[in-house]
Amino acid sequence: MEIKEIKFLQSVSDIQTEYSPLKNINNKFKMLFVGRSNVGKSSLINSLLGKKDLAFSSSKAGKTKKINIFSVNSTFECLDFPGYGYARGSKEDRLILRDMILDYLAKNINEKIKIVMVVDALVGPTPLDQEIFDYLNGKGANILIILNKVDKTTQKILEITKNKIEIGFPQTSYIYYSCKTNKYKDFALNEIFKF
Ligand code: GDP
């Protein structure tokens, strides 16, 4: 898929009140980007959409829990959810995230939604990734896993990560990515924007 136009729409922190404009059904396909902090989610969004600083790195943006929303080619909406899993407050992070996503899904039940879950290819899926996956998968969500930072792995490590994904995240599509080299970019764009 070719990226022709990207527009930053809004940044929301209070899903209950600020999100209300999005309750309007707008027939757009929506991708919800989720992942633990430092997994490279911001880098991935910037790399995929080809715009620098479109998504703010969590390290730069501080601790604010915001969902940043972009329109892509007037057809899609990408929602960048806050990263989860800082050592301190990680439980709270993931509960906030869970609630945000659940709330979002509940309000947009009739729309086409894909969860794009970013996992570190070197570290492999963490217990928090697993917990959030299990939760969303249990709700019947459409999930695509992106194994990011493949440039940091060896073939052997990638095999180990792949096995963990296939066991813990069964029947779920997963793809490789590197924000450093942009390897697999065209393939990733096609997979992410495919409905
Ligand atoms: P976020 O917290 O998930 O938004 O993560 P960031 O996008 O801020 O990335 C965290 C760190 O990982 C930064 O230092 C990035 O430069 C680095 N990073 C992100 N993606 C990749 C990748 O594919 N390969 C390598 N080697 N580093 C990456």
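Where does Lys-41 sit? Lys-41 belongs to helix α2, which covers residues 41-49. Keep in mind that this is a predicted model. Below is a quick tour of Lys-41 and its surroundings, the salt bridges, the cysteines, and a residue close to the start of the numbering, Lys-4.

**Lys-41 and its surroundings**

- Lys-41 has a relative accessibility of 8%, so this lysine counts as buried.
- The side chain of Lys-41 makes a polar contact of 2.4 Å with the side chain of Asp-80.
- That same side chain, from Lys-41, also gets to the backbone oxygen of Phe-81, at 2.5 Å.
- Leaving aside residues up to four places away in sequence, Lys-41 touches Phe-33, Val-34 and Gly-35, then Asp-80, Phe-81, Pro-82 and Gly-83, and also Val-118.
- Asp-80 and Phe-81 therefore turn up twice for Lys-41: they are on its list of touching residues, and Lys-41 reaches both through its side chain.

**Salt bridges: the long-range pair**

- How many salt bridges does the structure hold? The count is six.
- Side chains of opposite charge can pair up when their charged atoms come close.
- One of the six is between Arg-36 and Asp-120, with 3.4 Å between the closest N and O atoms.
- Arg-36 is in the loop between β2 (29-35) and α2, while Asp-120 is in strand β5 (residues 113-120), so this pair ties together parts that are 84 residues apart in sequence.
- Are these two partners buried or exposed? Arg-36 counts as buried at 17% relative accessibility, and Asp-120 is buried too, with a relative accessible area of 5%.

**Salt bridges: two more pairs**

- Lys-162 and Glu-159 meet through their side chains in a salt bridge, at 3.9 Å from N to O.
- Both Lys-162 and Glu-159 are in helix α6 (residues 155-168), and they sit three residues apart, which is about one turn of the helix.
- Lys-162 counts as partly exposed at 22% relative accessibility, and Glu-159 is partly exposed as well, at 35%.
- Another salt bridge links Lys-194 to Glu-191, where the closest N and O atoms are 3.2 Å apart.
- Here the partners differ in their surroundings: Lys-194 is partly exposed at 47% relative accessibility, whereas Glu-191 is buried, with a relative accessible area of 14%.
- Some salt bridges share partners, and these join Arg-36, Asp-120 and Lys-149 into one network.

**Cysteines**

- A disulfide is a covalent bond between the sulfur atoms of two cysteines.
- How many disulfides does a search of the whole structure find? The search comes back with zero.
- Cys-78 is buried, at 2% relative accessibility.
- Cys-179 is partly exposed, and its relative accessible area is 22%.

**Lys-4**

- Lys-4 is located in the segment before β1 (6-12).
- Is Lys-4 buried or exposed? With 67% relative accessibility, Lys-4 counts as exposed.
- Lys-4 and Ser-74 are 70 residues apart along the chain, and 9.2 Å separates their C-alpha atoms.
- Set beside each other, the two lysines make a neat contrast: Lys-4 is exposed, whereas Lys-41 is buried.

Note on methods. Residues are numbered from 1 along each chain as its sequence is written. This is a predicted model: local features need pLDDT of at least 70, side-chain atom pairs count only at pLDDT 80 or more; totals for chains, interfaces and linings use all residues. Side-chain values use heavy atoms; hydrogens and water are left out. A disulfide is a pair of cysteine sulfur atoms within 2.5 Å. Buried means under 20% relative accessible area, exposed over 50%, partly exposed in between (1.4 Å probe, protein chains only). Helices (H or I, at least four residues) and strands (E, at least two) are DSSP runs, numbered from the N terminus. A polar contact is a pair of N or O atoms within 3.5 Å; within protein, one must be able to donate a hydrogen and the other to accept it, and residues adjacent in sequence count only if both atoms are side-chain atoms. Contact means heavy atoms within 4.5 Å. A salt bridge is a side-chain nitrogen of Lys or Arg within 4 Å of a carboxyl oxygen of Asp or Glu.
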